Amino acid sequence: MAHRPPRTFRRRQADSSDSDGANDDDQPAEPAAGPQGQMQDGPAAGRAEAAERPRPARGGRGRGRVWASSRRDGPGAAPRAAGGAGGRESGMIDLSSDEEDGAHGSSDREEDEPSSSDSSSSLDVKECSSTVKIPDATFIQAARRKRELARAQDDYISLNVSQCSTICAGERNSEEDSECETGDYRKTIPFAPKPRTLRQRMAKETAINEGISEESQEDENQDIWEQQQMRKAVKIIEGRDLSHKRESQMMKFDTPVSFPPVTLEIIKKQLNNRLTLLQDTHRSHQREYEKYVEDVKSSKSTIQNLESSSNQSQNYKFYKDMKIYVENVIDCLNEKIISIQQIESSMHALLLKQATTLMKRRQDELKHESTYLQQLARKTEASTNGSLAIDEKTQRILEQIESRRAQRRQARLLSGNCNHEEGTSSDEELSSTEMTDFHKSRGDLLQDYKKVFEDVHDDFCNIQNVLLKFQQWREKFPDSYSDAFIGLCIPKLLSPLVRVQLLDWNPLKLDSTGLRQMPWLTSIEEFMGNSVEDAKKADSSDQKILSSVINKTVIPRLTDFVEFIWDPLSTSQTRSLITHCREVLEEHSVCENEVNKSKQDLLRSIISRMRKTVEDDVFIPLYPKSVVENKTSPHSKFQERQFWSALKLFRNVLLWNGLLPDHILQELGLEKLLNRYLMISLLNAVPGPDVVKKCSQVAACIPERWLEQSAMGTPIPQLENFSQFLSLSAHKLSSSEFRNEVKDIILTLVKIKAVNQAESIIEEYHLEHLTSLMKEA
């Protein structure tokens, strides 16, 4: 705890003297009789004290003592001093740093004030003789702030202290003091400048050298002491406030409070509410208790199951081995998938090249042959003599066409097929050089295919071994097998392995291997058959493995063959493709929603390919009847070949009945091929047995299911033109040498459900013996 810095006090002896002041040293000072130890002094002593004491500089700041002395104004003061009764008290008052500054300035002003009247002097004496009060903390803080501001400005601090009774004229400024001193020069004559205080000298010296410096050690100690005094004062005030609050609280408690009257009903109601609340709380606690009991039972059951289960180390070893195996399989397939895709692309490009070659050759031959026959027909109509000039390319193409036809005729004779019509065979023969190159390239690709998994163990590339690993998992840990959704992951894992086995599979060949005979499909079916899950469950993931594998591998490959390789004019390719598509889309379509997208893509590809063929490859020329009547003429033969080629496409289109929508097949087969191409050729032909045969072939291609949808006695709308042509042909043949052919026409009308037209022909030409044939049909 810091102590107040020590101060040195000294008493000045005020002696009474007469007007000349000759007895100052001989008369001792009489002690004051007042309670504060003040000393009586006469007017001469006061003037001597003022003369002896050095006068401080006006307006200066400092820390020191304030002398409160009596002054008398006028000659009447001496008797009062001599008598001692009317003497004024003189004493020394020690103040704090802030009070000293204000008191010192006030004492200076008091000494300089003029004593013009006795009343003013008497008032000053009473104010100065009053008891000095210690200022509070707020006053001290304000004084300190003013003092610090004055240090920075190097100016006089004016303290407006109203509480201190010892400060007589604090409201007067230095200018008023100077004026008063000027007028009262007879009372106080400054013979020498007042000495400056230590603080003033230090402030001046600091301002000259460094400006404003730090406070001295004495100021710091004084500030610490002031803070301690303020804290003490604050504690005293807080203690008084606290005691006052306690007294006020006690007084409040003593205040009587009026409560509402308490009845038995109110008490009963409160008790019931309390009882209800306790019962609710009890029920909630009871429910929590039951829940905890069930949790304990479940935990005990789980612990028993785990303790009774197989060795955890063995389970961990199995799962770890399975994890390593699956990772190795995935790494192997990721490495080999690039080679698989390359071989697939090469094989597809080889087959596409062959199909493009055959299609382009057929279109070029059709173009050259048609051009040649048109030129020949114009020459025949003009009856010009001389041979028709043919360029070498056209001549060579015509010779190649005739050579291949002769080879096909020879092959049909050897096989005993004598009912074949020209134009129904597919011109798919390649030259020996082209066939050699094709087989060589295909053999190289198959060798590369065998080398794909040459360096891989069977456990990682054989579908049966891979499924055996997962079957062990399913049998040992069915719950974890189901939770891991292995049934959904197996199709993605098997897809590259199945694609490898489909590299040499060509669904456009009749001798191609069916899906049922493929080993990978058999392995998947066995895995699905050994499933521990219920096979009847619709959401069984293992029951969807085969359909998912087909959806990811087989159907996209079929789609590629349809879009780029399939020739709809080839009956053999169409029949083989329909067989595989029917097997995939109908027999193995377990989950319709899962296969739906791939199935729709495949069907759209089939429709688009047939539509393109109908628009680009069907061509039936029209020649004059004089040219066509000669069955041996090249024009007649060419027209017949083109008609049978269009009829073959008509038959191939209708073979898709049951797989493609009916309205698409009716549009392509009946509206475009039959009514646009075939009917024009039949109308341009000479009625006879050939026309009847062609009509019978057309009617034989129409599906029975479509004919059942027709109204009673009339065919479907798409067959109206065809039925009318049959009726017209029957009228023409009934009066010719081919009367017996009317029977076949009537049977054809009955087949297409044109019964009304058939009955009208029978009645018109009296063919009642054919009525029995109608009933049999």
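With sulfur atoms having to lie within 2.5 Å of each other to be paired, the chain ends up with 0 disulfides. That count, like everything below, comes from a predicted model. Two of the cysteines are still worth a look for where they sit. Cys695 is buried, at just 2% relative accessibility, and Cys701 also counts as buried, at 12%.

As for the chain as a whole, its secondary structure runs to 29 helices and 3 strands. Of its 777 residues, 39% are buried. Take the contacts between residues at least 6 apart in sequence, and 76% of them turn out to join residues at least 24 apart.

Cys695 leads straight to a helix pair, since this residue is part of the H24 side of the contact with H23. Helix H23 spans residues 662-684 and helix H24 spans residues 689-701; their axes are 11 Å apart, and the packing angle is about 160°. Angles over 145 degrees count as roughly antiparallel, so that is how H23 runs relative to H24. The crossing of H23 past H24 is left-handed. On the H23 side, the residues involved are Leu674, Leu678 and Leu682, and they meet Val691, Lys694, Cys695 and Val698 of H24. Sorted by class, that gives 6 nonpolar residues and 1 charged one, with no polar residues at all.

A second pair, H16 with H18, looks like this. Helix H16 covers residues 486-501 and helix H18 covers residues 545-564, with axes that come within 9 Å and cross at roughly 45°. The two helices are therefore oblique to each other, and their crossing is right-handed. H16 brings Gly487, Ile490, Pro491, Lys492, Ser495, Val498 and Arg499 to the contact, while H18 supplies Ile545, Ser548, Val549, Lys552 and Thr553. The mix by class here is 5 nonpolar, 4 polar and 3 charged residues.

Finally, there is a charged residue tucked away in helix H10, which takes in residues 312-382: Glu365. Its relative accessible area is 7%, and because buried means under 20%, Glu365 falls in the buried class. Leaving aside residues up to four places away in sequence, Glu365 touches Ile397, Ile401, Arg404 and Asp427. Among these neighbours of Glu365, then, are Arg404 and Asp427, both of residue types that count as charged, along with Ile397 and Ile401, whose type counts as nonpolar.

Notes
Residues are numbered from 1 along each chain as its sequence is written. This is a predicted model: local features need pLDDT of at least 70, side-chain atom pairs count only at pLDDT 80 or more; totals for chains, interfaces and linings use all residues. Side-chain values use heavy atoms; hydrogens and water are left out. Axes are lines fitted to C-alpha atoms, for helices over the stretch in contact, and angles run from 0 to 180 degrees between N-to-C directions. Helices (H or I, at least four residues) and strands (E, at least two) are DSSP runs, numbered from the N terminus. Angles under 35 degrees count as roughly parallel, over 145 as roughly antiparallel, 65 to 115 as roughly perpendicular and the rest as oblique. A crossing is left-handed if the near helix is turned anticlockwise from the far one by less than a right angle, and right-handed if clockwise. Contact means heavy atoms within 4.5 Å. Buried means under 20% relative accessible area, exposed over 50%, partly exposed in between (1.4 Å probe, protein chains only).
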